[in-house]
Amino acid sequence: MAREVPGSVVNSVRVLGLIVATAGVITLLTWLMRDDVILGWAEGNPSAQDILAQGGIEQLRESPIVPGFVALSVVAFVGFALLSLVLGSFFMGGHGWARFVLTATVGVGVLVGAVALDSHLPAIFVVLAALVIVEGLVLAVLLWRRDTTAYLRGH
């Protein structure tokens with residue numbers, strides 16, 4: 001007879017899905033607003049400022065000093081989404097180790113979100129970074145609730 005999955009476990013997976021969806025929006029916006037992302041990055045880079053002053057955004061976009069923000073974002077998103085799918089599945093299955101890995105993943109996400117808050121990015125990215133931080137903290141609380149612990153110990 002299968003045990004009933006407590007609400008905190010179900011909600012943990014829902015919040016994890018919400019974090020993945022937010023990361024997907026960030027990835028899409030990175031592609032749609034790539035010039036704004038490049039300009040934000042260039043704000044703190046004297047070499048990029050020189051290129052921008054000489055040839056505008058077109059020349060800066062083609063410069064080898066500009067990171068491939070879109071490609072990095074897509075690869076990071078796909079890796080994170082797949083990791084979340086696997087970890088969420090193991091967590092729902094009652095594997096306690098998945099809670100530790102999810103907690104570490106939340107920690108990294110909160111750290112990345114905090115760095116994004118101070119990176120000269122367009123305002124929408126700042127708002128989404130703050131949202132990821134809040135979502136991550138909610139997930140951490142849900143992962144470590146008593147009913148979650150009892151569920152994981154029962155497996």
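User: How far apart are the mean positions of the positive and negative charges of the chain?
Analyst: The model is a predicted one. The chain holds 8 positive and 10 negative charges. Taking the mean position of each set, the separation is 23 Å.

User: Which secondary structure elements does the chain have, and in what order do they run?
Analyst: The chain has 7 helices and 0 strands. Read from the N terminus, the order is therefore helix after helix, with a run counted as a helix when it has at least four residues. Written out, the order is α-α-α-α-α-α-α.

User: What is the radius of gyration of the chain, set against a compact globule of 155 residues?
Analyst: The C-alpha atoms fill a box of roughly 70 × 20 × 20 Å along the principal axes. For a compact globule of 155 residues the radius of gyration would be near 15 Å. The value for this chain is 19 Å.

User: What percentage of the residues in the chain is buried?
Analyst: A residue counts as buried when its relative accessible area is under 20%. The accessible surface of the whole chain comes to about 8900 Å², and 69% of that belongs to carbon and sulfur atoms. Of the 155 residues, the buried share is 34%.

User: Which helix gives the most residues to the largest nonpolar core?
Analyst: This core has 14 residues, and Val15, Phe91, Leu102, Leu139 and Leu143 touch the most other members. At least two residues each come from helix 1 (7-32), helix 4 (69-92), helix 5 (96-117), helix 6 (123-143) and helix 7 (146-153). The top contribution is 4 residues, and it comes from helix 1.

User: Which residues does Leu102 contact, leaving aside neighbours within four places in sequence?
Analyst: In soluble globular proteins, nonpolar side chains tend to be buried together. Leu102 is one of the residues that touch the most other members of the largest core. With its neighbours within four places set aside, Leu102 is in contact with Leu16, Leu87, Phe91 and Leu143.

User: How many residues are in the second, separate core?
Analyst: This core is separate from the one just described, and its members include Ile38, Ala42, Ile57 and Val66. Ile38 and Ala42 are also among the buried residues of helix 2 (residues 34-42). The second core has 7 residues.

User: What covers the buried residues of helix 2?
Analyst: The buried residues of helix 2 are Val37, Ile38, Gly40 and Ala42. Their cover includes helix 1, helix 3 (46-62), helix 4 and helix 6.

User: Is Val70 buried or partly exposed?
Analyst: Val70 is found in helix 4 and touches Thr30, Trp31 and Arg34, not counting residues up to four places away in sequence. Its C-alpha atom is 5.4 Å from that of Trp31, which is 39 residues away along the chain. The relative accessible area of Val70 is 23%, and buried means under 20%, so Val70 is partly exposed.

User: Why does Phe100 count as exposed?
Analyst: Phe100 is found in helix 5. The C-alpha atoms of Phe100 and Thr22, 78 residues apart along the chain, are separated by 22 Å. Exposed means over 50% relative accessible area. Phe100 counts as exposed because its relative accessibility is 52%.

User: Where is His120, and what is its phi near?
Analyst: His120 lies in the loop between helix 5 and helix 6, and at 45% relative accessibility it counts as partly exposed. His120 is a residue other than glycine, yet its phi is positive. That phi is near 60°.

How values were computed
Residues numbered from 1 in each chain as written. Predicted model: local features only at pLDDT ≥ 70, side-chain atom pairs only at ≥ 80, totals over all residues. Heavy atoms only, no water. Rg over C-alpha atoms; globule rule 2.2 N^0.38 Å. Buried < 20%, exposed > 50% of the residue type's maximum accessible area, 1.4 Å probe, protein only. Areas by Shrake-Rupley, 256 points an atom, 1.4 Å probe, with all protein chains shown as cover. Lys, Arg positive; Asp, Glu negative; His and termini not counted. Charge placed at Lys NZ, Arg CZ, Asp CG, Glu CD. Core = buried A, V, L, I, M, F, W, Y, C linked by side-chain atoms within 4.5 Å. Contact = heavy atoms within 4.5 Å.
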